[in-house]
Amino acid sequence: DLLTDEIRAWIGRKVTYQAPDEIGRASIRYFATALGDNNPLHRNDDYARAAGYAGVIAPPTFICETCQYVDGTPDEDGYVGHNWDLPLSGCRMLRVGNDYEFHQAALADTVLAVTWTLESIDERSYSKGGTQLFVVSVARYYDQHGHALATNRETTVYQPLT
């Protein structure tokens, strides 16, 4: 069984990250370009102001996918975002789903903070035999004023390699 008492004890853990600086206009533009999103809300201050914003806004998923809140070095796989590093050996981790809820747009001068909470861990049968773990984490993103920007409920699966 993968769901040991040691792993079960991780449920409820929280970690908070605070970005070291603003997200910036260039990051917003690059992200929108990578998505193929030519919406002028992400590129043109006058257009964004006419729509009721203080300036250009980030595409909604930018908040959840940027990892700008992490001020660290990449891991051995080159990843610099949040990872629980559950004490499992002989497993691979797969990201299998995200459920986003967006509350407020992020502006170029937004400084992100996020609190991740490990919400649940469930063991389920695996089609290749044995079991796998389904881990649900909730990330709540805020700006520098404490206003909620987004919530991301992410599901990952830990599958045995054999």
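## Close-ups of a predicted model

**View 1. Tyr100 and Phe102, two rings side by side.** Tyr100 has a relative accessible area of 28%, so it counts as partly exposed. Keep in mind that this is a predicted model, not an experimental one. Phe102 is also partly exposed, this time at 36% relative accessibility.

**View 2. The aromatic pairs.** How many aromatic pairs are there by the rule used here? The count comes to 2. To describe such a pair, you give the distance of the ring centres and the angle of the planes. Phe31 and Phe62 meet edge-to-face, with 5.2 Å from centre to centre and 90 degrees between the planes. This pair ties together distant parts of the chain: Phe31 belongs to helix 2 (residues 25-35) and Phe62 to helix 4 (residues 60-65), 31 residues apart. Are these rings buried or exposed? Both Phe31 and Phe62 are buried. Now back to Tyr100 and Phe102: these two are stacked, 5.7 Å centre to centre, with 25 degrees between the planes.

**View 3. An open sheet of 5 strands.** Follow the strands across the sheet and you'll read the order 1-3-4-5-2, with antiparallel pairing. Which strands sit at the edges? They are strand 1 (14-18) and strand 2 (91-102), each pairing on one side only. From one strand to the next, the twist averages 20 degrees. In general, what holds strands of a sheet together is backbone hydrogen bonds, and the pairing can be parallel or antiparallel.

**View 4. Zooming in on strands 4 and 5.** Strand 4 (residues 131-142) runs antiparallel to strand 5 (residues 148-160), and 10 bridges pair them. One to look for is Ser137, whose bridge partner in strand 5 is Glu154.

**View 5. Asn152 and its neighbours.** You'll find Asn152 in strand 5. Its relative accessible area is just 1%, and buried means under 20%, so Asn152 is buried. Which side chain makes a polar contact with that of Asn152? It's the side chain of Asn98, at 3.1 Å. Leaving aside residues up to four places away in sequence, Asn152 touches several others, including Cys64, Tyr100, Trp116 and Ser137.

**View 6. Two cysteines, and a count of disulfides.** Cys64 has a relative accessibility of 6%, so it counts as buried. Cys91, with a relative accessible area of 19%, is buried too. How many disulfides does the structure hold? The number is 0.

Note on methods
Residues numbered from 1 in each chain as written. Predicted model: local features only at pLDDT ≥ 70, side-chain atom pairs only at ≥ 80, totals over all residues. Heavy atoms only, no water. Disulfide = S-S within 2.5 Å. Buried < 20%, exposed > 50% of the residue type's maximum accessible area, 1.4 Å probe, protein only. Pairing = 2+ DSSP bridges. Helix = DSSP H or I, 4+ residues; strand = E, 2+ residues; numbered from the N terminus. Axes fitted to C-alpha atoms, helices over the stretch in contact; angles between N-to-C directions. Polar contact = N/O pair within 3.5 Å; in protein donor to acceptor, adjacent residues only side chain to side chain. Contact = heavy atoms within 4.5 Å. Phe/Tyr/Trp six-rings, centres within 6.5 Å; stacked < 30°, edge-to-face > 60°.
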